[in-house]
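Work through the exercises below with the sequence and the coordinates open. Each task is followed by a solution in steps.

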Amino acid sequence: MDWITLLRSLQSDFLCRLKSGFPLYCKSEGQHSELTVISGQRLKVLRDFCWLMAEKYKRTSSVRDVFIGNLKGKLGEEVVKERLADFITEIDYEKRLGGDGGSDFTLTLNPEVGVEVKSRHGTIDTVRWSVSAKEVEKNAVVVCVLIQEEVNEAQTEYNLLLAGFLPTQMIKLKRGKISFGIEQLLYAGGLLPYLQDFQRSVNCDHDVAKFNQVNHVEKSNSAFAPILNKQQKIRTEINLQSDDALGYKNRGYSRCEMGEYEGGIADYNQAIQINPHFTDAYYFRGHAYFDLGKYAAAIDDFSQVIKMNYSYSDAYYHRGHALLIFGDKQGAIADFRKAADLYWQDGKLIEHQQTQAIILDLEIEQSLDVLNF
């Protein structure tokens, strides 16, 4: 069982317990808890801050609306701060109008990695959170908090539920916004482990980039050459585990992740030469061509993938984007519709919803084109 399937299963169990009124509750900072209670002096501090923000930005909206908007955000952030503790660092609100700059926290050991918190009041059956393309781009995860009480000036206690999270790499959003319900989130107990693993992977990428930089600068220095040559040999042996199609495909993927698209394509070519039926090699080569702006070649590769595997949803999705760039809106809509159907069948609800949103946007554009004509 993969980790996504596991967290979705735990989310289903979480929803059953919520409906029965038995969420997990732990007061200890840094420990997982589905429920967080905020009241007393702690709530007073949040209120005082939000009134200051309301006074500061009263010219852009009513004082009460600014107060409530800020309090909703601060309540959600307080939940995440308590659960993740020193692992994250809060971004200074004073630098942003209304506190919304696309990220609410960064990882303490890596300030380049953002965490966005979304807080909403409602019931588990109706509540929805939304995220913009900008927020997806700036953050590693979107964390969702459910506020059970109506947010107002007189409320003396809030019972807040850590509703779940979504890694932004699962949200394929290029523009606009997308919304989702609690059943589409991953179980929040996996949030910290996911961020820890994400941080390790980012640090590893930085180490590779640093090595490449040192290798470029010092390659002519005889004192460093033996060490660097040995490191390069080890790196090559790790990436190319064996002289087979999978080894070339894996190395091609690693090269493309580092921006070495031409080298990546060369490796995908080798993989396909060894195994002409290697679907993933065609798929990732199509991605590399797309990133290089070679859209016709990308379409050819995605089409080959679909020919070999009629149910390869992502191939339809990305071929749709390439067709759209060529101006073939009808072809793009057909591909997006097929992708949406396959996502729905596979239970990929977020991917299904965002693909449907793209289809709607394209259909509206076409309607406007007809009216303008």
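Helices (H or I, at least four residues) and strands (E, at least two) are DSSP runs, numbered from the N terminus. The model is predicted, so local features need pLDDT of at least 70 and side-chain atom pairs count only at pLDDT 80 or more, while totals for chains, interfaces and linings use all residues. Residues are numbered from 1 along each chain as its sequence is written, and side-chain values use heavy atoms, with hydrogens and water left out.

**Exercise 1. Describe the chain as a whole.**

Step 1. The secondary structure of the chain consists of 13 helices and 8 strands.

Step 2. Buried means under 20% relative accessible area, exposed over 50%, and partly exposed in between (1.4 Å probe, protein chains only). Of the 373 residues of the chain, 45% are buried.

Step 3. Contact means heavy atoms within 4.5 Å. Taking contacts between residues at least 6 apart in sequence, 60% join residues at least 24 apart.

**Exercise 2. Find the largest nonpolar core and a core apart from it.**

Step 1. A nonpolar core is a set of buried Ala, Val, Leu, Ile, Met, Phe, Trp, Tyr and Cys residues joined through side-chain atoms within 4.5 Å.

Step 2. The largest such core has 62 residues, and Leu75, Trp129, Phe180, Ile182 and Leu195 have the most contacts inside it.

Step 3. Apart from this core lies another of 35 residues, including Ala281, Tyr289, Ala339 and Ile359.

Step 4. Return to Ile182: with residues up to four places away in sequence not counted, Ile182 touches Gln11, Phe14, Leu15, Leu18, Ile124, Val127, Trp129 and Ala163.

**Exercise 3. Check the length of helix 11 and list its buried residues.**

Step 1. The expected span of a helix is 1.5 Å times one less than its number of residues. Helix 11 (residues 313–325) has 13 residues and should span 18 Å; its end C-alpha atoms are 19 Å apart, which agrees.

Step 2. Of these 13 residues 11 are buried, so helix 11 is largely enclosed by the rest of the structure. The buried ones are Ser313, Asp314, Ala315, Tyr316, Tyr317, His318, Arg319, Gly320, His321, Ala322 and Leu323.

Step 3. Just after helix 11 comes Gly327, with a positive phi of about 90°.

**Exercise 4. How do helix 9 and helix 10 pack against helix 11?**

Step 1. Axes are lines fitted to C-alpha atoms, for helices over the stretch in contact, and angles run from 0 to 180 degrees between N-to-C directions. Angles under 35 degrees count as roughly parallel, over 145 as roughly antiparallel, 65 to 115 as roughly perpendicular and the rest as oblique. A crossing is left-handed if the near helix is turned anticlockwise from the far one by less than a right angle, and right-handed if clockwise.

Step 2. Helix 9 (residues 279–291) packs with helix 11 at about 25°, their axes 11 Å apart. The two are therefore roughly parallel, and the crossing is left-handed.

Step 3. On the helix 9 side, Tyr283, His287 and Phe290 meet Asp314, Ala315, His318, His321, Ala322 and Ile325 of helix 11.

Step 4. The axes of helix 10 (residues 295–308) and helix 11 come within 9 Å and cross at roughly 150°. That makes helix 10 roughly antiparallel to helix 11. This crossing is left-handed.

**Exercise 5. Is Asp301 buried or exposed?**

Step 1. Asp301 lies in helix 10.

Step 2. Its relative accessible area is 4%, so Asp301 is buried.

Step 3. Leaving aside neighbours within four places in sequence, Asp301 is in contact with Tyr282, Arg285, Gly286 and Tyr289.

**Exercise 6. Classify the packing of helix 2 and helix 3.**

Step 1. Helix 2 (residues 40–56) and helix 3 (residues 63–84) pack at about 140°, with their axes 8 Å apart.

Step 2. The pair is therefore oblique, and helix 2 passes helix 3 in a right-handed crossing.

Step 3. For helix 3, 22 residues at 1.5 Å a residue should span 32 Å, and the end C-alpha atoms are 31 Å apart, which agrees.

Step 4. Ala85, just after helix 3, takes a positive phi of about 50°.

**Exercise 7. Locate Gly189 and state its exposure.**

Step 1. Gly189 is in the loop between strand 8 (177–181) and helix 5 (191–218).

Step 2. With a relative accessible area of 30%, Gly189 is partly exposed.

Step 3. Glu34 is 155 residues from Gly189 along the chain, and their C-alpha atoms are separated by 8.1 Å.
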